[in-house]
Amino acid sequence: MYTFRDFQKDFPNDKACLDWLMKSRFPDGVYCKVCKKTTKHHFVEARKSYSCQACGHHIHPTTDTIFEKSSTPLTSWFYAIYLLTQSETPISAKQLERELGVTYKTAWRMSSMIRNRLNDKNVDIFELASKNTPNASKRINDSETKSWIKTP
Ligand SMILES: [Zn+2]
């Protein structure tokens, strides 16, 4: 059981969400297309990106995901995913609107994007994200998870 406490501990801010995205998308390290090899990348706060230690090339972990180009903070997205995947009763867009403090239109769009990707997949990203799960690092490599956050 992945509790709300676990969620708050794992994803206290956007940086934590970005780190999770980086780890889940690039489990074997980040390949720099300028250096043409896997290099160390450092978080760049101002740009919400990670830059290559060797050449400074930037990688945005939200590229090609449902979070790309969204003005909604990642913490809100992750909280929406938490609510939609962990709640025992179905969460309506109206409830999401109240919980996240976003407009109904935004809440509806977020929930439909998240639901579309959850269909038939049963991907539990928070079980994967949880550092307490023994097989977390192994299961985080699952291509299913990577495809889940990606835009079609
Ligand atoms: Zn580089």
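## Val34: exposure and contacts

In this predicted model, Val34 is exposed, because 11 other C-beta atoms lie within 10 Å and a residue with 12 or fewer is classed as exposed. Val34 is placed in the loop between S1 and S2.

Residues from another part of the sequence are found around Val34. When neighbours within four places in sequence are left aside, Val34 is in contact with Cys52, Cys55 and His57. Val34 and Gly56 are separated by 22 residues in sequence, while the distance between their C-alpha atoms is 9.3 Å.

## Lys36: a positive phi in the S1–S2 loop

The loop between strand S1 (30-32) and strand S2 (37-39) also holds Lys36. The phi angle of Lys36 is positive, about 60°, although Lys36 is not a glycine.

Lys36 counts as exposed because it has 8 C-beta neighbours inside 10 Å, and the cut-off for an exposed residue is 12 or fewer.

## Lys69: a positive phi before helix H3

Lys69 is another residue, not a glycine, with a positive phi, here near 65°. Its place is in the loop between strand S5 (58-59) and helix H3 (74-86).

The count for Lys69 is 9 C-beta neighbours inside 10 Å, and therefore Lys69 is classed as exposed.

## Summary of the three residues

Val34 is an exposed residue in the loop between S1 and S2. Lys36 is exposed and has a positive phi. Lys69 is likewise exposed with a positive phi, and it belongs to the loop between S5 and H3.

Notes
Residues numbered from 1 in each chain as written. Predicted model: local features only at pLDDT ≥ 70, side-chain atom pairs only at ≥ 80, totals over all residues. Helix = DSSP H or I, 4+ residues; strand = E, 2+ residues; numbered from the N terminus. Buried ≥ 20, exposed ≤ 12 C-beta atoms within 10 Å, placed from the backbone. Contact = placed C-beta atoms within 7 Å.
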